[in-house]
Amino acid sequence: MSILFLTGIVFGAIIVNSMSFVQKEDVFFHLQQYFTLVKENNEVNHWELLRRSYFFHAKYLFILFILGMTIIGLPIIWVLLFMKGLIVGFSVGFIVHQLGWKGLGLATLSVAPQNMITVPTYIIASTVSVHFAIILWKKLWGKNNRMSPIQLVRMYATAFLFFFALAFLSSGVETFISNQLFQYFLKIFMTIL
């Protein structure tokens, strides 16, 4: 699962390098508009930001939870994890490609802190979902009779409650740490961006 995620990151970086000059300029124009908007808007509703961030993570984890219970959702779990890696790779790759060392600083301050919690959570949650789907598949064919289905579902749900708690922690880091570091970075370096 980690290799699948890392492959997504590599593909995200490759997409950045394969973009045409016009495409890069168009995306960078929108990024600069966002930077300006964030810098000028000092009033940040932290609780709304926390709610949105957590809702996004909770929705993603809930999808993984459901897919793990369906058995046929197994390949979709792999695709979702690959896409998550692709998005992270593209985001960081694009910022670093366009802004150089300033982009590396920006990515380190605004993307890395919460992803130090989010990425392992998604990888482990995906692994647990895949493992649960395989156990269900074996149970369906009568190869695994050690635990009852209710015990399996209870263990699976307990693991995902832990992942939801980690997602809340990640959202808190994103809201109260990464966001502040991002705004601070923009105030210092906006004139050079």
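**A walk through the helices**

Val38 lies in helix 2, and that's a handy place to start in this predicted model. The residue is buried, because its relative accessible area is 13% and the cut-off for buried is under 20%. So who keeps Val38 company? Once you set aside the neighbours within four places in sequence, Val38 is in contact with Phe182, Gln183 and Leu186. Take Leu186: along the chain, Val38 and Leu186 are 148 residues apart, yet their C-alpha atoms sit 8.2 Å apart in space.

Now for helix 7, which runs over residues 149–189 and holds Ser171. Is Ser171 buried or exposed? Its relative accessibility comes out at 0%, so Ser171 counts as buried. Leaving out residues within four places in sequence, the contacts of Ser171 are Leu50, Ser53, Tyr54 and His57. Helix 3 spans residues 46–70, and Tyr54 is part of it.

Tyr54 also brings us to the aromatic rings. Searching the whole structure turns up 11 aromatic pairs. In one of them, Tyr54 and Phe168, the ring centres are 5.4 Å apart and the planes meet at 80°, so this is an edge-to-face pair. Since Tyr54 belongs to helix 3 and Phe168 to helix 7, the pair ties together parts that are 114 residues apart in sequence. Both residues see some solvent-accessible surface: Tyr54 is partly exposed at 25% relative accessibility, and Phe168 is partly exposed too, with 45%.

A stacked pair is formed by Phe65 and Tyr156, with 4.8 Å from centre to centre and 15° between the planes. What does this pair tie together? Phe65 lies in helix 3 and Tyr156 in helix 7, so the link joins parts that are 91 residues apart in sequence. Here the burial reads like this: Phe65 is buried at 14% relative accessible area, and Tyr156 counts as buried at 3%. You can follow the rings further, too, as ring pairs link Phe65, Phe132, Tyr156, Phe160, Phe162 and Phe163 into a cluster.

Back on helix 3, have a look at the charged side chains. How many salt bridges does a search of the whole structure find? The count is 2. Glu48 makes a salt bridge with Arg51, where the closest N and O atoms are 2.7 Å apart. These two residues are 3 residues apart in helix 3, which means about one helical turn separates them. Glu48 also meets Arg52 in a salt bridge, at 3.0 Å from N to O. That partner is 4 residues along in helix 3, so again the separation is about one helical turn. With Glu48 as a partner in each bridge, the salt bridges join Glu48, Arg51 and Arg52 into one network. As for accessibility, Glu48 is partly exposed at 25% and Arg51 is partly exposed at 48%. Arg52 counts as exposed, because its 57% relative accessibility clears the cut-off of over 50%.

Next comes Ile71, in the loop between helix 3 and helix 4 (74–99). What sets its backbone apart? Ile71 isn't a glycine, but its phi is positive, at about 65°. For context, most residues other than glycine have a negative phi. Ile71 counts as partly exposed, with a relative accessibility of 21%.

Finally, there's the open space. The largest pocket has a volume of about 1200 Å³. It is lined by 36 residues, and those closest to its centre are Tyr34, Ser110, Val111, Gln114 and Glu174. Which helices supply at least two residues each to this lining? The list runs to helix 2 (21–40), helix 3, helix 4, helix 5 (101–110), helix 6 (112–140) and helix 7. Helix 4 gives the most, with 9 residues. Sorted by character, the lining of the largest pocket has 20 nonpolar, 11 polar and 5 charged residues. The helices we've been through come back here: helix 2, where Val38 lies, helix 3 with its salt bridges, and helix 7, which holds Ser171, each supply at least two residues to the lining.

Technical notes
Residues numbered from 1 in each chain as written. Predicted model: local features only at pLDDT ≥ 70, side-chain atom pairs only at ≥ 80, totals over all residues. Heavy atoms only, no water. Buried < 20%, exposed > 50% of the residue type's maximum accessible area, 1.4 Å probe, protein only. Contact = heavy atoms within 4.5 Å. Phe/Tyr/Trp six-rings, centres within 6.5 Å; stacked < 30°, edge-to-face > 60°. 1 Å grid on protein atoms, 1.4 Å probe; cavity = no way out; pocket = protein on both sides within 12 Å on 5 of 7 lines; lining within 4 Å. Points joined across faces, edges and corners; volume = space filled by probe spheres on them. Nonpolar A, V, L, I, M, F, W, Y, C, P; charged D, E, K, R; others polar. Salt bridge = Lys/Arg side-chain N within 4 Å of Asp/Glu carboxyl O.
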